Amino acid sequence: MFSKLAIRNVRRSFRDYGIYFLTLTFGVCLFYTFNAIEGQGAMAYLAQREHPAVSAIMMLVDIFSVFVAVVLACLILYANRFLLRRRKRELGTYLLLGLSQMQVSKLLFLETGVIGLVSLGAGLALGVLASLGLSALTLSMFQIDMAGMLGLTFSVKAAGKTLLSFGLIFLLVMVFSGIRVSRSRLIDLIYSQRKNEVLKVRSLTWSAVQLVAGVLCLAAAYATLLTFGMAIAVAVLPICIPMLALGTAGTLLIFRSLSGFVMKFVQGRPNLYYRELNLFTLRQWLSKVHTTYLAQTVVCILLLLAIGITASSVGLNNTIASNSGYQAPFDITAQNLSGDEELVDFERVLNEAGFDTKEKLAWSCTAVFYYNDPQVTGLENASAALRVSDYDALRLRQGKPAYSGPLPCKADNLNEELTTGSLGLSYVLIPDEMAQQLSPSRQVWSADYLADKEETEAEIMDTIRSLDVPFASWITTRLNIYQDLMGSKILALFLGLYLGFTFLLAAAAVLALQQLSQAADNAGRYALLRKLGAEEKLVARSATQQVALAFLLPLALALLHSVVGMKAANDLIATAGKVDSVASSAVTALVLVVVYGGYFLATALACRRMAKSTQ
Amino acid sequence: MEEILQVTDLKRVYGKGGAVTRALNGVSLSLKAGEFVGVMGPSGSGKTTLLNCISTLDRPTSGSIVVDGHKLSQLNGKQLAKFRRERLGFIFQDCNLLDTLTAGENIALALSILKAPAGEIPGRVWEIAELLGIGDCLNKYPYQMSGGQQQRCAAARAMVTHPSLVLADEPTGALDSKSARLLLERLEVLNRDLGATILMVTHDAFTASCCGRVVFLRDGQIFLELERGGSDRRSFFQNIIRVVTEMGGEMADVF
């Protein structure tokens, strides 16, 4: 009988459970997706090659997962508390009818179980799809062709981890709701709706003062960040702590006072104030401020973290990406560092060892770096010298024009990509004939493969390893660099997205729950408006406007914070390489719109329905 | 005088099959402009159902209601909302002010909903508030005012739009006798000076005695109508008490 009642309760109160269910499903999906990355696209590629980054990423994901699970557990407990509060009367009725508290706890236990099972199923299904999306995203980031790595996969390990974590969370929720029921007194449950909310009256002038103080606090925090720059402002505690404190205080003061200030402003404009239900909507907002401003501040900070982390991880990822071509213009580069002792004919060595360079390589070139003698070249501050013909050969292969300029010339400012992997030399360009007067120091051999890159590379590496040559330990290949890059890119992107999504989810869910609980209180007010003759459309619009205010204000302030933050972060990252801020902002915006917008829509629709259903 | 309200053979049946309740069983009633009419009757006699039907919150099973020339059964949802805000004013038992708005804003909201020009709203609010003696509470929130002030504020909200018909459902029900008397006095002033047509449901004989005419309902039908005529309030009150006693012991609580 209890299970029947439990299932019926869940179905009937689906409206209340809707947001709860959505949050659980998203949480499960997020958790599964990031725990399943081992078997996904680019990660699978790295794992097959036993790249060390894989274990590092998996370890970090594990650590972060604990953190994420704690955040989700708090969120789910909060949501559950909200649901229980809404059902106080119903629970009181059960007790009044003679059910024991044990039995009511059991009922809640079953209800949580039903919801938990359904959301686990839905979340895992969604997670498998999200994994596919994430695979496609990571695969598209790399130039290596990895067709065939994309496909629907189900990670049993990740699913097991998800089941374990959420099973624990649900147990916790069940225990908590049981405790709440056994502790509550029947009289409080039955009369819960009769308790009036105490409205505090606030002076509007005081609001204006608070708003000004808040704006000043924020301005001071922004100025600190922009003057000192991200690196100093975050790392030096005597600067960092006051800055964060000012920023938080400013945000808090603005949320606390903004509605009062807007009220004062609008009251001076009768055409706006007395239009439709504006004065009602504004008063609703004002009356809720003292219960919501703290939550709004928290949501604003969570949003800032979400935006900041997502944008920086995507931005950092692009910075790393733009460094990749710089480092790997050719498939392979081998360096003979002891060129002063003996010069090697790379092609001959390889051919003799059984590697046919004519058949397997599309192109190869040996460039010789000489010791720079200032008395010959007339240029100091460079350790090596390079013949212009070698230089041109390397450039032409990359499709760049030959050098045309005065010789000799110091090449520091040319910032060229002459090798795969780092060269670590500063050199001067010299006319070919000048080389006769200099002694060789280093030989650099670069080549491009002709046929299948992976096979050729395996073959050439095997050949070289079987030989005892000095250059064997100075080989860098494009594939190696890509795999290293891939590791750091995935690390930055995955962990950033994981945390960013978690914070975003938490922020949106907290707001949605708060709005829904308020909408339930507002039902009576909407019924009255309707009796007074307000059109359905106007009432629904007022309900939507209230939700929009709650969702958009923290977002607006968080966006402002992150614009300033990203400006400072860009200045920092720009010292390493240029951040593609347009692309990273676009991705961030998309993620935000999808998750936050989804919650906003769901909440607005639920609130409209609640406003409507009280005839 | 023109007819503001014309109710003809109104029936409202709840339930189906064997278990039907005839809340209204053929009520006919008409109100002329400027009349102040009370509806009395024991619990379950159909008072509230009658009021709900007239106020368009409930739909009658049969019969017709015409308010100010508008036949209610022919209006759709949107027209009903328009009808409610333009022609009707409500005063409820539990005054039903919005607790988040000040008294002045509660009154102004009715005008906002009516789409009155913004410029004239503060003036009209002030005018009606003065008339009801709550001019000094306009900036107070409902919970800062006494029950009587709240109810007069609700009356002001109902009257500020100059509705054709004001419907009051036990307006004195939750008030002490002094506040009740003050409210009734004000309703009489509004009725006399502004020519407001008021239909008031009550089961308090004293409250009913300030009306010009009292209609007694029993078991969904009109039992009797009593005209005040030229008599003073005290003798009208005695007449009402007599009818109430005649109707049965159900209303012993009036004494």
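In this predicted model, residues 24 or more positions apart supply 86% of the contacts in chain A that have a separation of 6 or more. Chain A runs to 615 residues, and 42% of them are buried. Its secondary structure comes to 20 helices and seven strands.

Next comes the meeting of the two chains. Chain A and chain B each put 21 residues into the contact. On the chain B side, two helices, α2 (77-87) and α3 (103-113), each supply at least two of the residues that touch chain A. The largest share of that side belongs to α3(B), with six residues. Sorted by class, the side of chain B that touches chain A holds 12 nonpolar residues, along with five charged and four polar ones. For the complex as a whole, the predictor gives an ipTM of 0.75 and a pTM of 0.69.

Inside chain B, a pair of packed helices is worth a look. Two packed helices are described by the angle between their axes and the distance between the axes. Here the pair is α5 (residues 147-159) and α6 (residues 177-194) of chain B, whose axes lie 9 Å apart and meet at an angle of about 20°. Angles under 35 degrees count as roughly parallel, so α5(B) is roughly parallel to α6(B). As for handedness, α5(B) and α6(B) make a right-handed crossing.

Which residues in α5(B) meet α6(B)? From α5(B) come Gly147(B), Gly148(B), Gln151(B), Arg152(B), Ala155(B) and Met159(B). Facing them in α6(B) are Ser179(B), Leu182(B), Leu183(B), Arg186(B), Leu187(B), Leu190(B) and Leu194(B). By class, this contact of α5(B) with α6(B) is made up of seven nonpolar, four polar and two charged residues.

That leaves the question of confidence in chain B. Its mean pLDDT is 81, and 96% of the residues score at least 70. Among the elements of chain B, strand β8 (residues 198-201) has the highest mean, at 88. The lowest mean, 79, goes to α2(B), one of the helices that supply residues to the side touching chain A. Then there is a stretch to handle with care: over residues 251-255 of chain B, pLDDT stays under 50. For those residues the model has seven contacts beyond four places in sequence. Where pLDDT is low, the predicted coordinates should not be read in detail.

How values were computed
Residues are numbered from 1 along each chain as its sequence is written. Chains are lettered from A and ligands numbered from 1 in the order in which they are written. This is a predicted model: local features need pLDDT of at least 70, side-chain atom pairs count only at pLDDT 80 or more; totals for chains, interfaces and linings use all residues. Helices (H or I, at least four residues) and strands (E, at least two) are DSSP runs, numbered from the N terminus. A residue is buried if 20 or more other C-beta atoms lie within 10 Å of its own, exposed if 12 or fewer, and partly exposed in between; C-beta atoms are placed from the backbone. Two residues are in contact if their C-beta atoms, placed from the backbone, lie within 7 Å. Ala, Val, Leu, Ile, Met, Phe, Trp, Tyr, Cys and Pro count as nonpolar, Asp, Glu, Lys and Arg as charged, and the others, Gly among them, as polar. pLDDT is the predictor's confidence in each residue, from 0 to 100. Axes are lines fitted to C-alpha atoms, for helices over the stretch in contact, and angles run from 0 to 180 degrees between N-to-C directions. Angles under 35 degrees count as roughly parallel, over 145 as roughly antiparallel, 65 to 115 as roughly perpendicular and the rest as oblique. A crossing is left-handed if the near helix is turned anticlockwise from the far one by less than a right angle, and right-handed if clockwise.
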